[in-house]
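Biologist: I should like a close look at a single part of this structure, explained for someone in the first year of study. Please begin with one residue and then place it among its surroundings.

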Amino acid sequence: MNHQKEKIPDAERDVLVCLNQLKEATVKEICEALRTVRKMEPSSVMTLLKRLESRKLVTKRKADKGKAFLFRSTPESTQAYRHLMNDLFQGVFGGDTLSFMASFFETRKPTEEEIEQLHQLLDDVRTKKQKSKKKGNQ
């Protein structure tokens, strides 16, 4: 079974997004970070983490101190995000990149730092595209 192509339920997705932002966190830290998005009890977060772990989207290790475990997302979770974004992109925007980006920036205005990062990202995409063209012409 290909776990990355399965639809990730909303609650699991929220935990995974939170974990990606925190890099590594305990159940308590995840609960606190999720509070503004979705209020969940630690036992519920633990259940969701176990599901994500069974899909190989999350790993855990024993914390250096205390009894808690530290959770982190795996490289496989990146692939799951790609499928999620592709489904959204194709399903809602029909593959129209400009509509997608315009809608995104209408709902959430980027900070100056994010604008600079976007410029760098676009420069990188442009450079890769130019290199690809040069290889194709050789």
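Modeller: Arginine 61 belongs to strand β1, in what is a predicted model. The strand covers residues 58–62. With a relative accessible area of 35%, arginine 61 is partly exposed, because that value lies between the limit of under 20% for a buried residue and the limit of over 50% for an exposed one. When residues up to four places away in sequence are not counted, arginine 61 touches Glu24, Phe69 and Leu70. A distance along the chain can also be set beside a distance in space: 33 residues separate arginine 61 from glycine 94 in sequence, and their C-alpha atoms are 41 Å apart.

Just before the strand comes a loop. Lysine 56 sits in this loop, between α3 and β1. Its relative accessible area is 54%, so lysine 56 is exposed. The backbone of lysine 56 deserves attention, as its phi is positive, about 65°, although the residue is not a glycine. Most residues other than glycine have a negative phi. Lysine 23 presents a similar case in the loop between α1 and α2: its phi is positive, about 75°, and lysine 23 is not a glycine either. Lysine 23 is exposed as well, because its relative accessible area is 57%.

We may now turn to the interior. The largest nonpolar core has 20 residues, and the members that touch the most others are Val15, Leu19, Ile30, Leu34, Val45, Leu49 and Val58. Two or more residues of this core come from each of α1, α2 (27–34) and α3 (42–54). Helix α1 gives the largest share, five residues. Valine 45 illustrates how such a member is surrounded: apart from its neighbours within four places in sequence, valine 45 is in contact with Val27, Ile30, Cys31, Leu34 and Met40.

What of residues that are not nonpolar? Glutamate 12, which counts as charged, is found in helix α1. At 3% relative accessibility, glutamate 12 is buried, because the value is under 20%. Beyond its neighbours within four places in sequence, glutamate 12 is in contact with Leu48, Arg51, Leu52 and Arg55.

Serine 77, in helix α4, is another such case. Its relative accessibility is 1%, so serine 77 counts as buried. A polar atom of the serine 77 side chain lies 2.6 Å from the backbone oxygen of threonine 74. With neighbours within four places in sequence left aside, the contacts of serine 77 are Leu16, Asn20 and Leu57.

The next topic is the space that the protein atoms leave open. Rolling a probe the size of a water molecule over the atoms shows where empty space is left. The largest pocket has a volume of about 630 Å³. Its lining consists of 17 residues, and those nearest the centre are Met85, Phe100, Met101, Phe104 and Arg108. Helices α1 (10–22), α4 (75–93), α5 (97–107) and α6 (112–137) each give two or more residues to this lining. Helix α5 supplies the largest share, five residues. By type, the lining of the largest pocket divides into 12 nonpolar, two polar and three charged residues.

The second largest pocket holds about 310 Å³ of space. Thr97, Leu98, Met101, Phe105, Ile115, Leu118, His119, Leu121, Leu122 and Val125 line this second pocket. Helices α5 and α6 each provide at least two of these residues, and the largest share, six residues, comes from α6. Eight of the lining residues are nonpolar, two are polar and none is charged. Met101 appears both among the residues nearest the centre of the largest pocket and in the lining of the second largest.

One lining residue of the second pocket allows a final comparison with the starting point. Leucine 121 lies in helix α6. At 49% relative accessibility, leucine 121 counts as partly exposed, because the value does not pass the 50% limit for an exposed residue. Leucine 121 is 35 residues from asparagine 86 in sequence, and the two are 19 Å apart in space, C-alpha to C-alpha. For arginine 61 and glycine 94, the corresponding figures are 33 residues and 41 Å.

Definitions and conventions. Residues are numbered from 1 along each chain as its sequence is written. This is a predicted model: local features need pLDDT of at least 70, side-chain atom pairs count only at pLDDT 80 or more; totals for chains, interfaces and linings use all residues. Side-chain values use heavy atoms; hydrogens and water are left out. On a 1 Å grid over the protein atoms alone, a cavity is a set of points where a 1.4 Å probe fits but cannot get out, and a pocket is an open set with protein on both sides within 12 Å along at least five of seven lines; lining residues have an atom within 4 Å of a point. Grid points are joined across faces, edges and corners, and a volume is the space filled by probe spheres set on the points. Helices (H or I, at least four residues) and strands (E, at least two) are DSSP runs, numbered from the N terminus. Buried means under 20% relative accessible area, exposed over 50%, partly exposed in between (1.4 Å probe, protein chains only). A polar contact is a pair of N or O atoms within 3.5 Å; within protein, one must be able to donate a hydrogen and the other to accept it, and residues adjacent in sequence count only if both atoms are side-chain atoms. Contact means heavy atoms within 4.5 Å. A nonpolar core is a set of buried Ala, Val, Leu, Ile, Met, Phe, Trp, Tyr and Cys residues joined through side-chain atoms within 4.5 Å.
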